[in-house]
Amino acid sequence: MTTLDLESSAKVFEPRSLRPGQGNGTMQRGSFVPLSKNYITRGSPGAVSYHPHSYSHPLPLSAAPTSPVMNSALLSLIHQIQLHDSNHRVTTTSRDKIKVPSGFLPSPEHYRPAISKDIIPTPLWTTLPHCILREGEPLTDCLLRAGMKETILSIPGFPYPYTNPSPQRYKIKPIRGKGIGMVATVDIDVGDLILVERPLVLMAITTYAVPPESYLQQPARLQEILIERLQRQEYEEFFALHNCKGNTRPHIQGIFDTNSIGIGRLPGFDGQCGAVCKDISRVNHSCSPNAEWRFDVETFTVALRAIAPIKNSEQVFVSYTDSLRPRAERQKHLLERYKFECTCPSCASGSHKSDEARMTLRLINEGDKCEDHDDPMLRDWVHDRTKPDDMILVKCHKTIDLLESEKYYRGARCVLWYQRLAKAYCALEDEDNARKWVQKAAKLARANTGHDAGWDAVVKNPKNTDWWGLRRVKP
Ligand SMILES: C[S@@+](CC[C@H](N)C(=O)[O-])C[C@H]1O[C@@H](n2cnc3c(N)ncnc32)[C@H](O)[C@@H]1O
């Protein structure tokens, strides 16, 4: 575990509150561009203001952190253009074929910069984003490492606007035997957004992968300083969260260890980060989860989306563990780490059927040679006419049957089987099945990435894609 020097940390402590009218408005490295009146600071509705950047970085930065002067409509337009311009660009003119997205779903790490070895992992307490776009929008108190804030602020257009579904699609309420949980208040389809939330707090955790139980254990004082910075409402919301660790460790650490959401890597730091949210941290666990969270650095929010259909009044679940592991291992991990015994259908059934199905899925994943932009299984089938026409259909249907029997729809490896099946039906010119599976692939792509990843265009017209007829069955 990395140890952090509190003495030197004090030098990089940034004030919490955003006061109106600060800064001189000149742009230099390490300072912000003043914001337009569309940016509103906390506690000063409508004020023209920004957060002065008091931290001076010892390293040359590749780009000055900027915050463009533009309104949210313009930001949203730029976002659309950037999305359209990404690797997964789709062309919808009738002349060109629609490109079916290849390989895995896009990685959320496209902003990950090269990390300078000179960066010392000094902690930096700060508040992000540095401004808000709408009155009442929450901010996140962060414990970062040197260089992270600059890298995040150098993302063009940061922070992007975000909106929540209206009316609200969930409520937080007591659940028998599970403390508090989240329940759907409408029917929610696969890929649909349940909510988007700015975390209460966010922490850069480690520079390397470590066992789950120890990875959150920052020195307690660092966490305390972070919590002391919270505004009154967020402070109360943080302390209202569950602490499953009792008095085995400081209370704040217990809350972190119970409620932290692993959000992976953030720009400017090669280690893992975690966030605690007011509502998303209330979602309980199932080994057959119906929802998945994903951190989006541009909006600085966690989005919770359905990965399986959720009916009105049903509980929303995520997975706290590697749910393809055998039941006994999952139970052990959940009991040690979160102090509960899982009673989800897969754990409760007590039969070996679920373990066997999950073991098969694990082996299938491990043996799968699909890489980012190359899927040898599909490529060989398309080009090698000696292979049976239904080879891909049989493999995909077998795997998807297993996934569906286990109600397991998590991650890019799982979505890959739906993508493959959709492509195979396009290649075989089977229009009805192509439409059915392309639609499922599109919904799961959205559930896993937050956007359609190029699949919506394929849904509209599978016959106009570059996969259509690639493996036309000879008459
Ligand atoms: C991140 S919190 C989830 C919200 C929590 N239920 C609450 O009351 O605030 C994790 C804790 O919720 C409880 N929990 C989560 N999933 C559960 C489940 N499937 N069965 C029983 N308890 C569960 C455990 O106490 C666990 O330590």
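A residue is taken as near the ligand if its C-beta atom, placed from the backbone, lies within 6 Å of it. By that yardstick, in this predicted model, 18 residues surround the ligand. Gly179, Ile180, His242, Cys244 and Asn284 are the closest of them. Sorted by class, the shell comes out as nine polar, six nonpolar and three charged residues. Three elements each put at least two residues into this shell: strand β4 (180–184), helix α6 (251–259) and strand β9 (284–285).

Helix α6 is worth a second look. Its residues Ile255, Phe256, Asp257 and Asn259 are buried, and the buried residues of α6 pack against α4, α5 (232–240) and β8 (272–276). One of those partners, helix α4 (residues 220–228), has buried residues as well, namely Gln223, Leu226 and Ile227. These sit on the same side of α4, because the arc they cover around the axis is only 95 degrees. That fits the usual helix geometry: an α-helix has 3.6 residues a turn, so residues three or four places apart point the same way.

Zooming out to the whole chain, there are 14 helices and 12 strands. Of the 475 residues in the chain, 37% are buried. As for contacts with a separation of 6 or more, 71% of them come from residues 24 or more positions apart.

The domain assignment splits things into domain 1 (6–13 + 108–320) and domain 2 (87–106 + 372–475). Where the two meet, domain 1 brings 14 residues to the contact and domain 2 brings 11. On the side of domain 1 that touches domain 2, the elements giving two or more residues are β10 (291–296) and β11 (301–306). That side of domain 1 is a mix of six nonpolar, five charged and three polar residues.

Next comes the nonpolar core. In soluble globular proteins, nonpolar side chains tend to be buried together. Here, the largest nonpolar core has 88 residues, and Ala275, Val302, Val316, Ala422 and Ala441 have the most contacts inside it. Helix α12 (residues 412–427) is the top contributor to this core, with 10 residues. Domain 1 and domain 2 both give residues to the core, so it lies between them.

Two of those well-connected alanines show what the surroundings look like. Leaving aside neighbours within four places in sequence, Ala275 is in contact with Pro199, Val201, Leu202, Ser260, Ile261, Ile263, Phe295 and Val302. Ala441, for its part, is found in helix α13 (residues 431–449). With 27 other C-beta atoms within 10 Å, Ala441 is buried, since the cut-off for that label is 20 or more. Beyond neighbours within four places in sequence, Ala441 is in contact with Val415, Tyr418, Gln419, Ala422 and Trp455. By contrast, Arg249, which is 192 residues from Ala441 along the chain, has its C-alpha atom 44 Å from that of Ala441.

Leu402 makes a handy counterpoint. It belongs to helix α11 (residues 391–405), and its 17 C-beta neighbours inside 10 Å make it count as partly exposed. Not counting residues up to four places away in sequence, Leu402 touches Ala357, Thr360 and Leu361. Leu402 and Arg358 are 8.0 Å apart, C-alpha to C-alpha, with their positions 44 residues apart in sequence.

Finally, a few backbone details deserve a mention. The loop between α3 (148–153) and β3 (170–174) holds Pro159, and the peptide bond from Phe158 to Pro159 is cis, with omega near 0 degrees. Pro167 lies in the loop between α3 and β3 too; a cis peptide bond joins Ser166 to Pro167, with omega about 0 degrees.

Positive phi values turn up outside glycine as well. Ser313 has phi near 80 degrees and lies in the loop between β11 and β12 (315–318). Ser313 counts as exposed, with 11 C-beta neighbours inside 10 Å. For Lys407, phi is near 50 degrees, and the residue is placed in the loop between α11 and α12. Lys407 has 16 C-beta neighbours inside 10 Å, so it counts as partly exposed.

Notes:
Residues numbered from 1 in each chain as written. Predicted model: local features only at pLDDT ≥ 70, side-chain atom pairs only at ≥ 80, totals over all residues. Helix = DSSP H or I, 4+ residues; strand = E, 2+ residues; numbered from the N terminus. Nonpolar A, V, L, I, M, F, W, Y, C, P; charged D, E, K, R; others polar. Buried ≥ 20, exposed ≤ 12 C-beta atoms within 10 Å, placed from the backbone. Contact = placed C-beta atoms within 7 Å. Core = buried A, V, L, I, M, F, W, Y, C linked by C-beta atoms within 7 Å. Domains from an automatic or database assignment. Arc of directions from axis to C-beta.
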